[in-house]
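Me: I have a model open and would like to go through it with you. Could we take it piece by piece?

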Amino acid sequence: MDLDSQGKQLLELLISKLDTVVPGKPETYIGYKECHDLLRLPRLREKWGESLKSQGLSSLADWTESNDKPGITGIIINLSTKKPGKEYFNLFGKDDDDYKWWAAQIAESKKHDWSSYISKIFDLIPSDLKVPDREDITTSRVIRDTFLSSKIKALHSYKCQLCGIALNMPEGKKYAEAHHIQPLGKPHNGPDIIENMICLCPNHHAMLDYGAIKIDPKQIRLADDHEISHCFISYHNDFIYRP
Ligand SMILES: [Zn+2]
């Protein structure tokens, strides 16, 4: 079976979480509501778990089971019971107190090579886009296909942090661009860290690249697990923005 677009979106979020997840330590896992917030999903049911099931969780869990993938959905838990739903254990034919098996699934998820499920399509470099000569222009646009850029886009569900727009692409995919606020490379030498990155639509990406607009910290749409450091915003406003 194929994974539907909501299942894919959830999978990408979980993959981005794997770095900080410690097998057997549910306090490092993620709650149903947090998944809604990070993916900006509507609450469709009274219970957050039920709501998430109908928006990717069931399809992702079924997909992992039927494709012999580790049970990565076990990192989504009910924060009060600190456990995934019974269905998680039942789907794999386990008892719902088989914590050893559960921890092993998370350990395997961390080891598993998920790279082919991180949406490379979003990071394709448009064929007509040339990286400008650094001599010619002070803000050079460095296009990179890094894990961080995929992660930041997933955290924001491909919505621009300035205007909230996500571009709809074929097959239910979304498109966004990750921007380094203090640019990488000379002469700016910004760091390649998530605190220096912002998820943007192509219009806002160009406007920031060319210093057409200031960044107003109050205008930035936030997501959990992604804090932008103010020093980089100040750098943009002081050195990139040209009134
Ligand atoms: Zn925008």
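Me: Which residues line the second largest cavity?

Reply: Bearing in mind that this is a predicted model, the second largest cavity is lined by Glu-12, Ile-15, Ser-16, Ile-118, Phe-147, Ser-150 and Lys-151. Helix 1 (5-17) and helix 6 (147-155) each supply at least two residues of that lining, and by class the lining has three nonpolar, two polar and two charged residues.

Me: What volume does the second largest cavity have, and how many cavities of 30 Å³ or more does a search of the whole structure find?

Reply: The volume of the second largest cavity is about 40 Å³, and searching the whole structure gives two cavities of 30 Å³ or more.

Me: OK, on to pockets. What is the volume of the largest pocket, and which residues are closest to its centre?

Reply: The largest pocket has a volume of about 510 Å³; 25 residues line this pocket, and those closest to its centre are Tyr-32, Gly-49, Lys-53, Gly-85 and Glu-87.

Me: Which element gives the largest share of the lining of that largest pocket?

Reply: Helix 3 does, with eight residues, while helix 2 (32-39), helix 3 (48-66), strand 2 (76-77) and helix 4 (86-91) each contribute at least two residues to the lining. Sorted by class, the lining of the largest pocket consists of 10 nonpolar, seven polar and eight charged residues.

Me: While we're on helix 2, is His-36 buried or exposed?

Reply: His-36, which sits in helix 2, counts as buried because its relative accessibility is 1%. Its side chain is joined to the side chain of Ser-51 by a polar contact of 2.7 Å.

Me: And where is Pro-70 found?

Reply: Pro-70 is in the loop between helix 3 and strand 2, and with a relative accessibility of 4% this proline counts as buried. The C-alpha atom of Pro-70 is separated by 7.4 Å from that of Ile-106, although the two residues are 36 residues apart along the chain.

Me: Switching to the metal, which atoms coordinate the zinc ion?

Reply: The zinc ion is held by the SG atoms of Cys-160, Cys-163 and Cys-201 together with ND1 of His-204, at 2.1 to 2.3 Å. Along the chain, these donors follow the spacing C-x2-C-x37-C-x2-H.

Me: Why is the site called tetrahedral?

Reply: The angles among the four donor atoms are 104 to 114°, and four donors count as tetrahedral if all angles lie between 85 and 135 degrees, so the zinc site meets that condition. As a reference, the ideal angle for four tetrahedral donors is 109.5 degrees.

Me: Do the ligands sit inside or outside, I mean, is Cys-160 buried or exposed?

Reply: Cys-160 counts as buried because its relative accessibility is 0%, whereas Cys-163, at 31%, counts as partly exposed.

Me: Last topic, the backbone. Which peptide bond is cis?

Reply: The bond from Lys-186 to Pro-187 is cis, with omega near 0°, and Pro-187 lies in the loop between strand 5 (177-180) and strand 6 (197-200).

Me: What about phi of Lys-82 and of Tyr-158?

Reply: Phi of Lys-82 is near 60°, which is a positive value in a residue other than glycine, and Lys-82 is placed in the loop between strand 2 and helix 4, where at 37% relative accessibility this lysine counts as partly exposed. For Tyr-158, phi is near 65°, again positive in a residue other than glycine; Tyr-158 lies in the loop between helix 6 and strand 3 (167-168), and counts as buried because its relative accessibility is 6%.

Technical notes: Residues numbered from 1 in each chain as written. Predicted model: local features only at pLDDT ≥ 70, side-chain atom pairs only at ≥ 80, totals over all residues. Heavy atoms only, no water. Donors = N, O, S within 2.8 Å, 3.2 Å for Na, K, Ca; no water. Tetrahedral: all angles 85-135°; square planar, octahedral: opposite > 155°, others 65-115°. Buried < 20%, exposed > 50% of the residue type's maximum accessible area, 1.4 Å probe, protein only. 1 Å grid on protein atoms, 1.4 Å probe; cavity = no way out; pocket = protein on both sides within 12 Å on 5 of 7 lines; lining within 4 Å. Points joined across faces, edges and corners; volume = space filled by probe spheres on them. Helix = DSSP H or I, 4+ residues; strand = E, 2+ residues; numbered from the N terminus. Nonpolar A, V, L, I, M, F, W, Y, C, P; charged D, E, K, R; others polar. Polar contact = N/O pair within 3.5 Å; in protein donor to acceptor, adjacent residues only side chain to side chain.
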